[in-house]
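Colleague: Could you take me through the terms you use here, and show what each one rests on?

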Amino acid sequence: MFHELQEHPGLWFVAATLTPLASFVLLLLAGGLRWALRPARESDDSQPLYQFLSGSQTHRISAYIATGAMALAFLFSLVGAVNYAAHPAHEPEEHSRLWAGHLDWARISVFSPSGSQAGAWEPEGAGRASVLRLGYHIDSLTIIMFLMVTFIGGLIHLFSIGYMSDELEPIVEDHQVHTETGHFKRRGRFGRFFLFMSLFCFSMLNLVLADNLFQVFISWELVGLCSYLLISFYYERQSASNAANKAFIVNRVGDAGFILGLLIFWSYLGTFNFQEIFNQIRCPVTNLAGQFAERAGEIVRANPLVEDREQRRLQVTDRGQGSEVLLFPIAPAENGDKQEQPWHGPKASEEVLTHVNPLSNQYGSMPYWLLVAGGLGIFLGCVGKSAQFPLHVWLPDAMEGPTPVSALIHAATMVAAGVYLVGRCYPLFAPEALLVIAYTGGITLFVAATIAVVMTDIKKVLAYSTVSQLGYMMLALGVGGWAAGLFHLTTHAFFKALLFLCSGSVIYGCHHEQDMMRMGGLYPKMKITALTMLAGVLAICGIPLFSGWYSKDAILAHAVGFTWVYPQHLLLLLLPLVTAGLTAFYMFRMWLMTFAGRPRDEHVYEHAHESPWVMTVPLIVLAFFSIVVAWGWPITDPEASTLESVLHHSQHASVAADFGVLPEDLELAAPFQARADLPQVGKLAVENHLLAGAMTTAVGALGIAFAFLLYYFRLLEPAEAKAQFPAVHRFLWNKWYFDELYSVLLVRPALTIASWCRAFDAKVIDSTVDGLANVTMEVSRWAGKFDLGIIDGLVNLTARVIYGIGDRLRGVQTGYIRSYVLFLVVAAIAIFGVMVFVVSRVIAK
Amino acid sequence: MSPVGLEHYLVLGAVLFVCGALCMANKRNAIGVLMGVELVLNGANINFVAFAHYNPAFEIEGQIFALFIIVLAAAEAAVALAIVLNFYNNHMTVDVDSAEELKG
């Protein structure tokens, strides 16, 4: 086994993925055992072993198992990462030998081409549409996601041991659910919490590990399921179960788009594998002779010239024109004649022959609009998962779940999966699709930030802040800041997990009080929480040298570069810039309302206390990483961040071709730089990084100053500001009326149609059924009469006739022996008479 | 006067048979009915013996049948007397007309 790991070090990450799964299976079995032993626990004379297995001690062990599994997964990921750094693979073949692998999971013989018989499989490549694979592909993005998920996940598991300790009690009283006999009482669910968390961690790691879109989709649905289960953890609360349903249904909308995208790409490209998809859509960087291809990394478009049943002739067009997309061969035949291979990067106005069912060394084509539509479909899935406008409404409601869940799933990892997938599928997106992504992100980040300004529930503020930051990431990806967006994803995961855990610590310390209007002045009571939260707040505000500064500046720099090249999209710069100020304002508002000033509610203040060490240790660790995770050398240079340059390693050549964004150590950077026709977003971003940084810092400082004026120095009363602009406040307080809008546009029409359907069912269908029943009853009534009258009458008549005959014949049986003898004699004489008169005559004849 | 021949025996048998049958039909006393039965059987017996005597083809068969019938009559009398005795125990009479349970 160790030998295997040396041969294929990527298996370390597979092991890291399977560890939480093992924990999940173990906890599931243990839970089943506990369930089976419950009667034994409740009877007094049970065995000590039963008592142990079913008591609260095993409950506690479940948390240690789950947390230990996460620690182990982190360890495996770390070993894998060290291996990756120690054995850099330069050649793609070597890389895929060491760091990728797959196994065939399901074969679909229906789709096997050329009518081959089942069992006789096509050689590699030819029948690839007929195989679904499970596989892994490791690059630096995967490794960073693995380290982040396992590290933050492990810390949040540790935090949960403290936060969820109420659930260890055999009977838990839920103060938010009222029944006729007081508060609702139920069994503690400590083990169940860690069961779901383990399943989530496995699904999330599997999502990041996957080398194909189908495996991503499976994990995508699994994390959605875990999110649903954990939002509705307190499912007796109406609000929690509603929120879970809302999250699930809104995500279905996005997933419908995802499935459409999958179908489009599968039907045209015949594979789900990322590398194979990208190799087909994007022109390879070098041709077979090893020279730099003229249109390296681009989507090559063409116009059809001649159509045939089996093949068509296309004319390659200039950048940005043409109705068809040229699909490149996945890989040319190894020992074929290189002159014959078409893998050379066609020039403009060259004519190319394409095939309807391309083999591995031939060109294919697909309509350009379907490429855009497929990209937008996959992006729609990401919109749902990452809570982007217009599907952002579920995430704030999802805060009904326990706070560690909010931190892990609804801030750090799952909601970032949408951003991750956009980044992973980046070469799939045509420029039009990327523009949609950028604008979606821009609108989301602004809308969410404005709502966060007026929220008073501490978790709701953080939820809208999460939506807003996810918008930043989407915007970054849309304007070509591939590494910047994923960089922000990573730093955001750290500081947002920290902020949520801090809010969890506050909520725990204030005995489940979440309303900031009843907090205030808590700093002396919980110093560790306050200071660590301050670190998170400074990081998200983009204060220099905190991690958020590096990543947010990188995003703004790319926005500047993008608007420089495309001035008509100035909004994509203004929105994030204004929102940087809003972010600083609402984050400091939250911190000041919670920890500074005078206590607003004496009762809450009296009982507030600092959390135990299992909760504060993760806070301190996360605060440390929220500060240092983005550092490079020198730390004052925002371009020198180590994390960002590591991420740059896995940037696809398409980013360079579409936006001119070049990682410094891309091997073929020089030919790219030599091309003057590329949009110079990347170059301008580097040049304007300082300008962008200065602007955001200034705007952020303004926001912080405003927050201090209103909530610390009290120069302006927030209540007065509210009274000045009641309409604005009401508009923001109601979250831009999105819920009401959807209610009017979608929910009510759906309910109306449903009530129509019900009426149709009740009136038309039911009356048809009733009518049929009535007809049947009438028919059977007549049939009954026929049966009773005629058939039964015939039977009775027969019986009556026979009875009558028998009654007549009864008289013969007199019972007197003498009369019987008389009959005998008479009969004998009669027989004699017959014999004498008849038989003798017959004989005589 | 002609010598005694087959016809005489047959007439005697027929007379005995008719006497027995009339006895069975008219007697109300069960013992009397049994006597009638004996007469019928013996009338038949006389026929068998007469035919055995006058027809050499039936010489052995007629006599053996007669013996059979005698044995049969003895057995029948034993069974019938047992029935009559039981009947008497139940009804305190041997009047066959009082046995009318089989009346339809």
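Modeller: Gladly, and a small pair makes a good start: A:His183 in strand E4(A) is the bridge partner of A:His178. This is a predicted model, in which local features need pLDDT of at least 70 and side-chain atom pairs pLDDT 80 or more, while totals for chains, interfaces and linings use all residues. Residues are numbered from 1 along each chain as its sequence is written, with chains lettered from A and ligands numbered from 1 in the order in which they are written.

Colleague: How do you know that E3(A) and E4(A) are paired strands?

Modeller: Strands here are DSSP runs labelled E of at least two residues, and helices are H or I runs of at least four, both numbered from the N terminus. Two strands pair if DSSP finds at least two bridges between them. Six bridges join E3 (residues 171–179) to E4 (residues 182–187) in chain A, with the two running antiparallel, so the pair meets the rule. A hairpin of two residues links E3(A) to E4(A).

Colleague: What makes you call E3(A) hardly covered?

Modeller: A residue is buried if 20 or more other C-beta atoms lie within 10 Å of its own, exposed if 12 or fewer, and partly exposed in between, with C-beta atoms placed from the backbone. Among the nine residues of E3(A), the number of buried ones is zero.

Colleague: Why is A:Ala387 called buried?

Modeller: There are 29 C-beta neighbours inside 10 Å of A:Ala387, and the threshold is met, so buried is the word. A:Ala387 sits in the loop between H11 and H12 of chain A and has a positive phi of about 55°, though it is not a glycine.

Colleague: What makes a positive phi worth a remark?

Modeller: Most residues other than glycine have a negative phi, and most peptide bonds are trans. The loop between H11 (368–385) and H12 (394–397) of chain A also holds A:Pro390, and the bond from A:Phe389 to A:Pro390 is cis, with omega near 5°. A positive phi turns up at A:Lys735 too, near 60°, in the loop between H29 (726–733) and H30 (738–809) of chain A.

Colleague: Is A:Lys735 buried or exposed? And what about A:Gln238, buried or exposed?

Modeller: A:Lys735 has 21 other C-beta atoms within 10 Å, so it is buried. A:Gln238 has 11 C-beta neighbours inside 10 Å, so it counts as exposed. A:Gln238 belongs to helix H9 (residues 238–269) of chain A.

Colleague: How do you know how H19(A) and H27(A) pack?

Modeller: The axes are lines fitted to C-alpha atoms, for helices over the stretch in contact, and angles run from 0 to 180 degrees between N-to-C directions. By that reckoning H19 (residues 547–565) and H27 (residues 689–711) of chain A pack at about 115°, their axes 8 Å apart. Residues are in contact if their C-beta atoms, placed from the backbone, lie within 7 Å. Contributors from H19(A) include A:Leu556 and A:Val560, and those from H27(A) include A:Leu691 and A:Met695. The contact has six nonpolar, three polar and two charged residues. As to classes, Ala, Val, Leu, Ile, Met, Phe, Trp, Tyr, Cys and Pro count as nonpolar, Asp, Glu, Lys and Arg as charged, and the others, Gly among them, as polar.

Colleague: Why is chain A described as more spread out than a compact globule?

Modeller: Chain A has 31 helices and nine strands. Its radius of gyration is 38 Å, well over the 28 Å from the globule rule for 845 residues, so chain A is more spread out than a compact globule. That radius is taken over C-alpha atoms, and the rule is 2.2 Å times the number of residues to the power 0.38. The C-alpha box along the principal axes is roughly 150 × 85 × 60 Å, and 46% of the 845 residues count as buried.

Colleague: What is the radius of gyration of chain B, and what would a compact globule of 104 residues have?

Modeller: Chain B has 17 Å, whereas a compact globule of 104 residues would have near 13 Å. Chain B has three helices and zero strands, and buried residues make up 20% of its 104 residues.

Colleague: And how many residues of chain B are in contact with chain A?

Modeller: 12 residues of chain B are in contact with 12 of chain A. Helix H1 (residues 6–26) of chain B gives the largest share of the side of chain B that touches chain A, four residues. That side divides into six nonpolar, two polar and four charged residues.

Note on methods:
Contact = placed C-beta atoms within 7 Å.
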